Amino acid sequence: MIKAILTDIEGTTSKISFVHEVLFPYARQHLSTFIYEHQQDPMVTEQLEAVKAHIGHANASLSTLIDTLEHWIETDQKITPLKALQGMIWKHGYESKEFTGHVYPDTFEQLTQWNKNGIALYVYSSGSVAAQKLIFGYSDFGDMTPLFNDYFDTKVGLKQDPKSYKNISESIPYAANEILFLSDVVAELDAAEEAGMQTYQLIRESQQKSRHPNANSFERIVFQ
């Protein structure tokens, strides 16, 4: 019996294009200015130190760090300090109402219904937890964060690694086989299945169907 749902964001609850056509360009445009203006802020400093550690250059200049981060954005690297900094930049965009977080209507409606039915809801995305809370906190449907019990990002592991899903199941009060993982990416579904979770593939755009159960909207997902 399914007692909890763990959902991906990009391509699952929300359009892939929102991230690539709105969020990434916004972060890229504002990255340099943001870092120069906030380099002394403890949260920013922490992430810049993490970038230095990642590239193995403890004395890297600020311009080198910015060049590295911009390269990571351009090559769509899912590296934790980049995601954290992007989240900080996006927060300004959301708060200034330059954009809202895209969420499919069926996602909002079904998550609301599952929540009312007592199903625990969790998010697992390669974007930082802060960024996850922003897309749902400033969504097209207003603040959706009260629907969710918790959020997970790459700090628990990479999304195509079965160990990541084991880490999640061990940190919430549900057995792996009581958790349904939703994603549009087959490799992620395979990893979750290997960890003992049940799975459902979302076919939002041009994805190829796989051996996993699939649906083109949240409203068509069926489970017991």
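In which sense do β1 and strand β4 pair, and over how many bridges? I looked this up in a predicted model, and I found that β1 and β4, the latter covering residues 179-183, run parallel to each other over four bridges. Within this pairing, leucine 6 has phenylalanine 181 of β4 standing opposite.

I then turned to the other neighbour of β1, and noted that strand β2 (residues 120-124) is also paired with β1 in the parallel sense, again over four bridges. Here leucine 6 stands opposite tyrosine 122.

Next I checked the two faces of β1 itself, which spans residues 4-7, and both turned out to be covered. Ala4 and Leu6 are buried on one side, while Ile5 and Thr7 are buried on the other.

For the wider fold, I counted eight helices and six strands in the protein chain, and from the N terminus I wrote down the order as β-α-α-α-α-α-β-α-β-α-β-α-β-β.

I also asked how the overall dimensions compare with a compact globule: for 224 residues such a globule would have a radius of gyration near 17 Å, and the 18 Å of the protein chain agrees with this. The C-alpha trace spans about 55 × 35 × 35 Å along its principal axes.

On packing, I noted that 52% of the 224 residues are buried, and that, among contacts with a separation of 6 or more, 65% join residues 24 or more positions apart.

Last, I looked at the surface and the charges: the accessible surface comes to about 10700 Å², with 48% of that belonging to carbon and sulfur atoms, and the mean positions of the 18 positive and 29 negative charges lie 4 Å apart.

Conventions
Residues are numbered from 1 along each chain as its sequence is written. This is a predicted model: local features need pLDDT of at least 70, side-chain atom pairs count only at pLDDT 80 or more; totals for chains, interfaces and linings use all residues. Side-chain values use heavy atoms; hydrogens and water are left out. Buried means under 20% relative accessible area, exposed over 50%, partly exposed in between (1.4 Å probe, protein chains only). Two strands pair if DSSP finds at least two bridges between them. The radius of gyration is taken over C-alpha atoms; the globule rule is 2.2 Å times the number of residues to the power 0.38. Contact means heavy atoms within 4.5 Å. Accessible areas come from the Shrake-Rupley method with a 1.4 Å probe; for residues, only the protein chains shown count as cover. Lys and Arg count as positive and Asp and Glu as negative; His and the chain ends are not counted. The place of a charge is taken as NZ of Lys, CZ of Arg, CG of Asp or CD of Glu.
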